[in-house]
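Hi,

Here is the structure I said I would pass on. Have a look at it first, and then read my notes below.

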Amino acid sequence: MTMISRSLLIRVAFSAVLGAVLAASQTGCSTVAQGLAAAGQATGVMTPAQGESLVKTAEAVGKTFEDITPEQEYYIGRSVGATIISTYNVYDNPKATAYLNTLGQSVAKFSDMPETFRGYYFLILDTDEVNAFAAPGGFIFISRGMIRLCSSEDDLAAVIAHEVGHVQHKHAVRAIKSSRLTSALTTIAVEAGKQLGPDALNQVTEAFEGSITDITKTMMNSGYARGQEREADRAAITILKRMGYRQGSLPDVLERMGAVLENDKRGFGSTHPPAGDRVKELRPLINDMDTPVPTAARQKRFEQNIKGI
């Protein structure tokens, strides 16, 4: 790869990260930039003009998460996905994977984000751990342990719909820490008006890599905030209603997870709010009176493709 192409790729990737971080809290990030500018001037690292440039840079790009293009989100998500499958093996079952993708694409079509830059991707993780992840751009991973808790296609659709809800609300991108701005914004200010040299490129690259770590740690270790899980749950109920699938499938699966994970703090149990709390919040939203009863054909399809998983 030439230096020009490498530089271009890094700039594209970094613009996505920078836009996301600043968009998370325009006021907060502007304050961060002001603090950096003051510290830089006090230590002689930057001039007043460079400090002003730093603050203007933060204010200029700190608008909304829509500053991130679908293409940029895709490349961030692909990097996060690579990290996930370096931790978990991918389940080698073409039939089950094809079924998951067919169902997943159908679920996505009924969401508020039916399309992503290069489409949604669904993979099964070869682990008994009950878990599921949604990386930016529509990369969705569901464990064998999670699938085993599903007794019907409606149940599996509910799990997928929850993860699609995370994608449409861009929860993973919002996990990037504002602290990633420190070296990146300083580099931009100091290098204003010049081409980024090798050292500056290294600093920008480190900031990008750190943002991938932020997202992955949030999904795999700490989990999303309760409000974000609530958003994803509500999105899932809406999707299931639009599909004509049982809305009650989501709380049903959550109740099963609550029983299984009561003494198991791995995976979903360690990164999500208590299942019982989520069920209580969901039940009042659900009206299955007008929802068609799952057909025998749908159940047969589920059992034929998921059998033995």
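Before the notes, one cut-off: "buried" here means under 20% relative accessible area. Also keep in mind that this is a predicted model.

**The sheet**

I'd start with β3, residues 139-143. Which way do its side chains go? Phe139, Phe141 and Ser143 point to one side of the strand, Ile140 and Ile142 point to the other, and all of them are buried. With five of the five residues of β3 under that 20% cut-off, the strand is largely enclosed by the rest of the structure.

β3 belongs to an open sheet of three strands, in the order β1-β3-β2 and with mixed pairing. β1 and β2 are the edge strands, each pairing on one side only. From one strand to the next, the twist averages 15°.

The two pairings run like this:

- β1 (residues 121-125) pairs with β3 in the parallel sense, over five bridges. If you want to check the register, Tyr121 has Phe139 as its bridge partner in β3, and Leu125 has Ser143.
- β2 (residues 132-135) pairs with β3 in the antiparallel sense, over four bridges. Here Ala135 stands opposite Phe139.

β2 and β3 form a hairpin with three residues between the strands, and Gly137 there takes a positive phi near 85°.

**Helices on the sheet**

Which strands does α4 touch? It packs on the sheet against β1, β2 and β3, and its direction makes about 25° with that of β3. Helix α5 (residues 94-109) packs on the sheet too, touching β1 and β3, with its direction at about 140° to that of β1.

α4 covers residues 70-87, and its length checks out: at 1.5 Å a residue, its 18 residues should span 26 Å, and the end C-alpha atoms are 26 Å apart, so the two agree. The buried residues in α4 include Tyr74, Ile76, Val80 and Ile84, along with the glycines Gly77 and Gly81. Gln72 and Glu73 are buried in α4 as well.

**Around α7**

Now to α7 (153-168) and the two helices I looked at against it. How is α7 placed against α11? The pair pack at an angle of about 85°, with their axes 8 Å apart. That makes α7 roughly perpendicular to α11. On the α7 side, the residues that meet α11 are Asp154, Asp155, Ala158 and Val159; on the α11 side, they are Ser249, Leu250, Val253 and Arg256.

With α14 (residues 296-306), the angle is about 70° and the axes are 9 Å apart. Again, α7 is roughly perpendicular to its partner, α14. Glu153, Asp154 and Leu156 of α7 make this contact with Arg298, Gln299, Arg301 and Phe302 of α14.

Arg298 deserves a click of its own. Is it buried or exposed? Despite being an arginine, Arg298 is buried, with a relative accessible area of 12%. Leaving aside its neighbours within four places in sequence, Arg298 is in contact with Glu153, Asp154, Gly244 and Tyr245.

Lys170 is another one to look at. It sits in the loop between α7 and α8 (181-190), and it has a positive phi of about 55° although it is not a glycine. Lys170 is also buried, at a relative accessible area of 13%.

**α13**

Last stop: helix α13 (residues 275-282), where the buried residues are Ala275, Arg278, Val279 and Leu282. Why do they line one face of the helix? Seen down the axis of α13, these buried residues fall within an arc of 100°, so they share a face. The general rule behind it is that an α-helix has 3.6 residues a turn, so residues three or four places apart point the same way.

Gly276 is in α13 too, but it is partly exposed, with a relative accessible area of 42%. Gly276 and Ala259 are 17 residues apart in sequence, and their C-alpha atoms are 9.5 Å apart in space.

Cheers

Key:
Residues are numbered from 1 along each chain as its sequence is written. This is a predicted model: local features need pLDDT of at least 70, side-chain atom pairs count only at pLDDT 80 or more; totals for chains, interfaces and linings use all residues. Side-chain values use heavy atoms; hydrogens and water are left out. Buried means under 20% relative accessible area, exposed over 50%, partly exposed in between (1.4 Å probe, protein chains only). The arc is that of the directions from the helix axis to the C-beta atoms. Two strands pair if DSSP finds at least two bridges between them. The expected span of a helix is 1.5 Å times one less than its number of residues. Axes are lines fitted to C-alpha atoms, for helices over the stretch in contact, and angles run from 0 to 180 degrees between N-to-C directions. Angles under 35 degrees count as roughly parallel, over 145 as roughly antiparallel, 65 to 115 as roughly perpendicular and the rest as oblique. Contact means heavy atoms within 4.5 Å.
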